[in-house]
Amino acid sequence: MGSEYLAETSAKPVFPVDGIIYDQVYGRRIINLIVGFKNKTISVPFLMDSGCPMTTIGTETMIALGINANDVFKMHLNVHGFESIPFSHDPDDKKIRDLNLLGWEFFRDTKAHEDVDLEGRKVTLFKSKADMLAFYNGK
């Protein structure tokens, strides 16, 4: 998706952001977003999960950001230009501890909108509904 997994980046968050739809059965929407903590900024793949109320980051992402991965707590991060307070997963929960989930509160708090192209197997994240409509109206 255009960048190395959890790689440090000097890129600035821009919109729209293109992602992919992965998996023929479940159609998982995956998107890379820029996440910052203190003086470190990395590119993070997120599973867009509208069934998850909170945005969460996995153990590997915490380590890449220099956060103690054994702590389970809320943290102040910058997620693609927006201040956010994601939760970390319980490091003992092997099923989900390395997942980065973009929960519905991200969309609620940022007013971001997504567009899904099932045929093209692509998802696009827009900064706002107005930006999405302008993009498709050619403005």
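Are F82 and F106 buried or exposed? In this predicted model, both F82 and F106 are buried, and the two phenylalanines are a convenient place to begin before turning to the strands, the charged pairs and the unusual backbone positions.

## The aromatic cluster

The number of aromatic pairs in the model comes to six. One of them joins F82 and F106, whose rings meet edge-to-face, with 6.0 Å from centre to centre and 90° between the planes. Because F82 belongs to strand 6 and F106 to helix 2 (residues 104-110), this pair ties together parts of the chain that are 24 residues apart in sequence.

F106 also forms an aromatic pair with F107, again described as edge-to-face, and here the centres are 5.7 Å apart while the planes stand at 90°. F106 has a relative accessibility of 2% and counts as buried, and F107, with a relative accessible area of 17%, is buried as well. Together with F15 and F82, the residues F106 and F107 make up one aromatic cluster.

## Strand 10 and its two partners

Strand 10 covers residues 122-126, and four of its five residues are buried, so that the strand is mostly covered. Strand 1 (residues 17-22) runs antiparallel to strand 10 and is joined to it by four bridges; within this pairing, D18 has T124 of strand 10 as its bridge partner.

Strand 10 also pairs with strand 9 (residues 113-117), likewise in the antiparallel sense, and this pairing extends over five bridges. Here the bridge partner of H113 is F126 in strand 10. Strand 9 and strand 10 form a hairpin with four residues between the strands, and in this hairpin R121 takes a positive phi near 55°.

## Charged pairs

Side chains of opposite charge can pair when their charged atoms come close. The structure holds four salt bridges, and among them is the contact between the side chains of K122 and D18, with a distance of 3.9 Å from N to O. Since K122 lies in strand 10 and D18 in strand 1, the pair ties together parts that are 104 residues apart in sequence. K122 counts as partly exposed at 35% relative accessibility, and D18 is also partly exposed, at 47%.

Another salt bridge brings together the side chains of E114 and R29, with 2.7 Å from N to O. E114 is placed in strand 9 and R29 in strand 2, so this pair ties together parts that are 85 residues apart in sequence. The two partners fall into separate accessibility classes, because E114 has a relative accessibility of 26% and counts as partly exposed, whereas R29, at 17%, counts as buried. A further salt bridge is formed by D109 and R108, whose closest N and O atoms are 2.8 Å apart. D109 is partly exposed at 49% relative accessibility, and R108 is partly exposed with a relative accessible area of 44%.

## Backbone positions to note

The peptide bond that leads from F15 to P16 is cis, with omega near -5°. P16 lies in the segment before strand 1, while F15, on the other side of this bond, is one of the members of the aromatic cluster that includes F82, F106 and F107.

Where do the residues K38 and H80 lie? K38 is found in the loop between strand 2 (28-37) and strand 3 (40-48), and although it is not a glycine, K38 has a positive phi of about 55°. H80 is located in the loop between strand 5 (77-79) and strand 6 (82-84), and its phi, near 50°, is likewise a positive value in a residue other than glycine. As for accessibility, K38 is exposed, with a relative accessible area of 77%, whereas H80 counts as buried at 4% relative accessibility.

Note on methods. Residues numbered from 1 in each chain as written. Predicted model: local features only at pLDDT ≥ 70, side-chain atom pairs only at ≥ 80, totals over all residues. Heavy atoms only, no water. Buried < 20%, exposed > 50% of the residue type's maximum accessible area, 1.4 Å probe, protein only. Helix = DSSP H or I, 4+ residues; strand = E, 2+ residues; numbered from the N terminus. Pairing = 2+ DSSP bridges. Phe/Tyr/Trp six-rings, centres within 6.5 Å; stacked < 30°, edge-to-face > 60°.
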